[in-house]
Amino acid sequence: MKKLRTGLVVALVGAASLMVVAVAPADVVTNANDSLRTGWYPDESSITPSLLRGPTWGQLWSTPVDGQVYAQPLLVPNGPLIVTTERDDVYGLNPSSGSVEWSQNLAPNGPWQPSDIGCSDLIPDRGSTATPVIDTSTNTVYYTYKTYDASHDAVWYMEALNIATGQPVWSSPVQLSGTADNDSSLAFDAQDEDQRPGLLLMNGVVYAGFGSICDTSPFEGWVFGVSTSTHQITARWATVTNGDGGGVWQSGVGLTSDSSGSILLATGNGGAPSVAAPGNTPPSSCGECVIRLDVQPDGTLRPVDFFAPFDAEQLDDSDSDFGSGGVVALPDQYFGTQSVPHLAVSAGKEGYVYLLNRDDLGGYEQGAGGGDAVVDRQGPFGAVFGRPGVWPGDGGYLYIPTSCCQNGGGNLDVYQYGVTPSGAPSLSEVATSSDVFGFGSGSPVITSSGTTSGSALVWIIWAANRMGNGGQLRAYDPIPVNGQPVLRWEAAIGNATNYSTPGVGAGRLYVGTRDGQVLAFGSPVSAPVGGAGVSFGRTTINSTAQKTLTITANRTVTISSPPTSSDPSEFSVGSPSPSLPTTLNTGQTLTVPITFAPNHTGLIGGQVTASTNAGDVSFSLSGTGQVNGPSLAANTPVLSLGGTTVGGHLTGSVVLSDVGSQPVTIQSVQQPPAPFSSDDLAAANGTQIAPGASISVDVSFDPTAPGQYTPDKYTIGLGSNGGPVSVGLSASAGTPGNLEFSTQALDFGSVPVGTTATKSFTLTNTGGTAVTIEKSKSPFGGEFAPASSLPEGTSVAPGQTLTETVTFSPTATGAASGSWPITGNDGTGDHLVQFTGVGVPPSSGSPGAGSGGPSAGRASLPGAPKLVPGVVSTAHLGAVFITYTAKRAGVSHFVLQLAVVGRRGAHGACDPTTSRNRSRLACIRYVTVKSFTHRGQAGANRLRLGAFVTLRKLLPGTYRLQSILLDSAGAKHTFNSSLRIITPARHHAARRYAVRSAAPPIASLGELLSRLGALLRLL
């Protein structure tokens, strides 16, 4: 029996590893290319790394539009390039030439003005900021925009346009307004809400996420759903129900979906959880969270899973939005393990990168000592505004730009996917760029020819700061060298918009800018000259550095006037050589001295434009202004160590750097209060750090008492000739978890054959740390069966009690026994709950074994549960529902079992192994796949099987649903119904049939063999 169950589990998980998670359908064009938000474009085989090294790749065209372009441009296959602007304009551009095929503006009162509330985050207009979504099957683009109504009040609209003509598809736009479905006292306030995340189109509904404008009160995070067929609002869900907070903004990253009817998103500061809770019980207010929402039958949204960092309340206090980054679901066919096949990644302002289990996001304070119950956490590596770019090839890589706290700014960090020696998925930082990334740099996209090694490129819009001056489009090789990503190509794009992402399609890259331009890059180009941009590195304020820009003629060209600088005060142009005017033949060069004279600290960008008789060409410039003298800086304002139990031990590191022009000397140190300590800190006193160099200081956490240790009370400090530095410390400690059982021996006594008795036991976590159930093998295939579910991986919070129910349904007279082994990670070892009972002859009037019907004279039974449809292909498992009618509200128990062919022994026992003893007859055994409960209402109930069972794990075969319901007299009755699952290739040949209750008892050996033959044909 044990051997069979182990083999079955492996087979189920193995099958799941071959499944492909649903992404955006082929007829949907969306932000980051798919609804997983990977940013991976695998069908761009014409964009090769070698192409970028040659002269035929470059800027193809530039088209002016009315307004700033924050949304990602979207290319319709064989259609126009769709661009929206902050002036509420929508454009359909010819992707080859850039010509305007159509434009539309449906906001007669103009775009909303942020000056109305004194907000300067995005000025002067706030119109259409989110990336639209396109349904190519209906030639429709859906987008949102902010404007004024006739009374000059702020309003948000969703609109639909025909992508070929730009004409409205709907008779009128849908105004996004009303009260929250989850709290009728909350009304949407368009004035203080911003719609930044890319739109999600799923099952005929467009979903839009909202956050705040400059944190102006009142605001909440919202998700609206609008039907594409009825044009009615289907969902209004608010992230917090008590006070401001929980904005859904994600730096423009679209709402994520990894399966039909499910949405993943991240929320910002305000309304963070304050009470420990497992993931499957999301709080009513969930700021600083990753949340999974499921679409309900009436179209509304319900949170069903969540994760919040253990220090979420501290993130609220410091405005360190977890939701500054979006949620990326990693493709299952390239990432994940048998035990954790479905992964997601999210990161925010605090600079920690979280690897999450999409099947159990982790809840709040569910890890050791009240820490995080996540798959992996890396950092801190600098604040993240956006999402990782995902390259599944070469073993799996992620690319995450940061915007602060390292090397005087941010970096492009490269993570490699792997598996730990214990078999757990993991991420490891394997490279970080030496060139600095500024606040406002966007999220990466990856182009490739499938997963072919050597075909990929990582693209990113680089910005020096939030002003976007000197923006660049860059391309990096996917595999770093010597710990650094390799920059293969870059081009000046003018004034970049914050967190913007290039569009991709048809062998081209498309970029929208703050100064109202849409640029296309591709091949072949006809640029008269070429050359690489100039990077100055670090230069001291009020001093200068000089480098040379080399311009190479691609054909015979005349340059008459000196190149011009976008910022002459910091990037000045010297006298070119040869002197101008000059005519260059193909391959000849013009050298231009460029002087960098920074007048402020930090990253600075610009560009130089050369005017030729064949057109203008721009070249990017960048440099970093540094303090004239020593300057000490830390890589993070808060070191978050996580959680452990009392008596445990944690360590973390702070990186201290000299970002000035002269050596820093550490002159004093301040040790943290216990239970934190640092030997490295004491040793650092008197240490000298050279300009541009760093040292690492380890900090230990050894708690002797439970509690939350917060950065307002625990810090380390350093004094230096380059100024003081203080870093807050955050950690959590709890008493160990402790599982206690109400009993580990249940005696059912005497039970008539053909009837069912039910008993329960409880397990309680009496400790102070959540306990994860690592082993739970409920009884299966015998006369004892679970009527409740305790899946492996279940988290039992401190103080939480779980009740597990077991049924005894004797099929023969005599003694019977069973057991349920349970093990948690609390260190209390293995627990074995044992069951005993005696089958006795049925009394007069009792129901027959397996009849599923009531005895004469009993109260009427509720309607027997049915699985519909009775035959379904693996491609359509999402359409399977359980229906039943209950006499009263209450909990019903269900057990889904897989039919397994075995052999019947001489004494009637069914042996599911492949015995060679021919005297044994074949029989059917049922192996439990999943046990679950449903709290039903009085009357008709309909529940989706996929809400309780991971459908992608189910193998083709015949399944039995065993259901235990109460009749109106309170007696329990067992029903059986069946479901056949087949592969899509066999679906056309399958005949749908109505689900029947369990068959009557087998009367003869001939009937047994006949039924077995039919079942074997099904299997």
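The following exchange goes through charged pairs, unpaired charges and one cavity in a predicted model.

Colleague: What makes Asp 194 and Arg 126 a salt bridge?

Modeller: Their closest N and O atoms are 2.3 Å apart. The cut-off is 4 Å between a side-chain nitrogen of Lys or Arg and a carboxyl oxygen of Asp or Glu, so the pair qualifies. By this rule the count comes to 12 salt bridges.

Colleague: Which parts of the chain does the pair of Asp 194 and Arg 126 link?

Modeller: Distant ones: Asp 194 belongs to strand β14 (residues 193-194), while Arg 126 sits in the loop between β7 (100-105) and β8 (133-135). The two are 68 residues apart.

Colleague: Why is Asp 194 called buried?

Modeller: Buried means under 20% relative accessible area. Asp 194 has 5% relative accessibility, so the term applies. Its partner Arg 126, with a relative accessible area of 9%, is therefore buried too.

Colleague: Lys 146 is in strand β9 (residues 140-148). Why is Lys 146 said to have no salt bridge?

Modeller: The nearest side chain of opposite charge is that of Asp 194, 6.0 Å away. A salt bridge needs a distance within 4 Å, so Lys 146 has none, although Lys 146 is buried.

Colleague: What does the side chain of Lys 146 reach?

Modeller: The backbone oxygen of Ala 190, at 2.9 Å. The limit for a polar contact is 3.5 Å, so this pair of atoms falls within it.

Colleague: Asp 305 lies in strand β22 (residues 301-308). How do you know that Asp 305 has no salt bridge?

Modeller: Arg 292 has the nearest side chain of opposite charge, and that is 5.0 Å away. With the cut-off at 4 Å, the pair does not count, so Asp 305 is buried without a salt bridge. The side chain of Asp 305 does reach the backbone nitrogen of Leu 361 at 2.9 Å. Arg 292, for its part, is in a network of salt bridges with Asp 258, Asp 332 and Arg 358.

Colleague: What makes Arg 488 and Asp 477 a salt bridge, and are they buried or exposed?

Modeller: The N to O distance is 2.5 Å, which is within the 4 Å cut-off, so the term holds. Arg 488 is at 18% relative accessibility and Asp 477 at 15%. Under 20% is buried, so both residues count as buried. Arg 488 is in strand β35 (residues 487-494) and Asp 477 in the loop between β34 (471-476) and β35, 11 residues apart.

Colleague: Why is Glu 792 called partly exposed?

Modeller: Glu 792 is at 41% relative accessibility, and the class runs between 20% and 50%, so the label follows. Lys 777, at 28%, is therefore partly exposed as well. Glu 792 and Lys 777 form a salt bridge, with the closest N and O atoms 2.9 Å apart.

Colleague: How many cavities does the structure hold?

Modeller: There are 4 cavities of 30 Å³ or more. The second largest has a volume of about 90 Å³. Among the 14 residues lining that second largest cavity, Asn 31, Ser 251, Gly 252, Tyr 499 and Thr 501 are the closest to its centre.

Colleague: What classes of residue line the second largest cavity?

Modeller: Its lining has 8 polar, 4 nonpolar and 2 charged residues.

Terms used:
Residues numbered from 1 in each chain as written. Predicted model: local features only at pLDDT ≥ 70, side-chain atom pairs only at ≥ 80, totals over all residues. Heavy atoms only, no water. Helix = DSSP H or I, 4+ residues; strand = E, 2+ residues; numbered from the N terminus. Buried < 20%, exposed > 50% of the residue type's maximum accessible area, 1.4 Å probe, protein only. Lys, Arg positive; Asp, Glu negative; His and termini not counted. Polar contact = N/O pair within 3.5 Å; in protein donor to acceptor, adjacent residues only side chain to side chain. 1 Å grid on protein atoms, 1.4 Å probe; cavity = no way out; pocket = protein on both sides within 12 Å on 5 of 7 lines; lining within 4 Å. Points joined across faces, edges and corners; volume = space filled by probe spheres on them. Nonpolar A, V, L, I, M, F, W, Y, C, P; charged D, E, K, R; others polar.
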